[in-house]
Amino acid sequence: MTARRTAVGGLGVVLLAAAALHATPAAAAGGRHDVVTWAASADRVGEGAPDRGYRMVVHTSVGGSDLRIRLSNAFGDRPLTLDSSYVGVQKSGAELKPGSNRPLTFGGGHTVTIPAGEVVLSDALPGRLPAATNLVVSLHTPDAAGPATGHGMAMQTSYTTQGDHTAEEGAAHWTDTTGSWFYLDAATVRTPATTGAVVALGDSITDGWQSTTDLNRRWPDYLARRLRRAATDVRGVANEGISGNKVLADGAGQSALNRLDRDVLSLPGVRTVFLFEGVNDIKAHTGVTAADMIAGYRRIIERAHAAGMCVVGATVGPFKGWSEWDTAAEGVRQEVNAFVRSGGEFDAVTDFDRALRSPYDPERILPFFDNGDHLHPNDKGMQALADAIDLTALDCADGP
């Protein structure tokens, strides 16, 4: 199967191995392609600030060469200019490993202006980036204003500063912290053409809420670790979860249906969409029925198939004990899960409900996996979700 490539224009970046950059010859044409190694769903994250620097830490999945960074002004109402952008490898906190920080270029220049509503890719950075790297992207915005685009709940400590200190590898000027990523949308690497990626499309459970900050214990992180150890060509994992997100309605971010093109279908090298979303639609008591949810799932399946991707569906987990739970919502959840399990429209199914539920009260999360709010799993629950996935179902080499 040939995954759909992003349609945004070509630009570039520099590649880092652990502490230093090791240049490699350009990849021969025909045997390699770009694959997403990290991504986060875009949303509005407050207001842009002039003369502001952002030093953001992200954890890659698949390794490769020719790193490219995708930056986003998807929710901006005016052009966004970035006049200095660097990529390095984290040593500790805001400090980078010596010799790892390299400038990004865009069409050969160091300054890029992103139109409102658009994304842009950096030029490719020659060299190899290992898998499971704590990559650090530093950006400076000279005159940002209006709505800022980013990802609000990163579950990762990043750093901010006034002025342009992007080229510095030390942490002296990066004294303010943030739990969000700003303007940073995705990272891709060049890999053998046989290598693919999976995108996790979901809500706060996929986003990692209640997992331990800075330790990469969201369930997609645990999945990436499993994939690195497995005999599979699926290596990349993109986490496109948004806390509070719904399949059908905008609110906490655009709905899964409305953000599907940007957050999923535009990412390179993707073989499989892993859909785990619906509890927010169900528990909101807005009149959403099981038939409505199934229709939304079907539209996602159709659009992903049209893009040459397979779709794995996950059942909606238990949430009895959460303040919005009642028997009516539980009835909708059970109908939706029956469709996911036996409807025959997903290319494969993962039963997250079964993985999380208590054998003594299957409408509740097993206490061992419950962070305490009866909806979100703790670190052990996150690992249980990743362990429940049949990895062979993600390797959709022959297409849907």
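This section describes a parallel sheet, the helices packed on it and the largest cavity in a predicted model.

The sheet is open and consists of 5 strands in the order 19-18-20-21-22, with parallel pairing. Strand 19 (234–241) and strand 22 (348–350) each have a single partner strand and stand at the edges, so one side of each lacks a neighbour in the sheet. From one strand to the next, the twist averages 25°. Strand 18 (residues 196–202) runs parallel to strand 20 (residues 270–276), and the two are joined by 6 bridges. Within this pair, Ala197 stands opposite Val270 in strand 20.

Helix 3 (residues 256–265) packs on the sheet and touches strand 18, strand 19 and strand 20; the direction of helix 3 makes about 155° with that of strand 18. Helix 5 (residues 290–306) lies across strand 18, strand 20 and strand 21 (310–314), at about 155° to strand 21.

In an unreviewed entry, UniProt lists residues 200–384 as "domain: SGNH hydrolase-type esterase". This span is 40% helix and 14% strand, and its end C-alpha atoms lie 16 Å apart.

A search of the whole structure finds 4 cavities of 30 Å³ or more, and the largest cavity holds about 230 Å³ of space. The largest cavity is lined by 24 residues, of which Trp38, His59, Arg218, Asp221 and Asn239 are the closest to its centre. At least two lining residues come from each of strand 1 (32–39), strand 3 (52–59), helix 2 (219–229) and strand 19. Helix 2 gives the most, with 5 residues. The lining comprises 11 nonpolar, 8 polar and 5 charged residues.

Key:
Residues numbered from 1 in each chain as written. Predicted model: local features only at pLDDT ≥ 70, side-chain atom pairs only at ≥ 80, totals over all residues. Heavy atoms only, no water. Pairing = 2+ DSSP bridges. Helix = DSSP H or I, 4+ residues; strand = E, 2+ residues; numbered from the N terminus. Axes fitted to C-alpha atoms, helices over the stretch in contact; angles between N-to-C directions. Contact = heavy atoms within 4.5 Å. UniProt positions renumbered as here; feature names shortened; annotations may be inferred. 1 Å grid on protein atoms, 1.4 Å probe; cavity = no way out; pocket = protein on both sides within 12 Å on 5 of 7 lines; lining within 4 Å. Points joined across faces, edges and corners; volume = space filled by probe spheres on them. Nonpolar A, V, L, I, M, F, W, Y, C, P; charged D, E, K, R; others polar.
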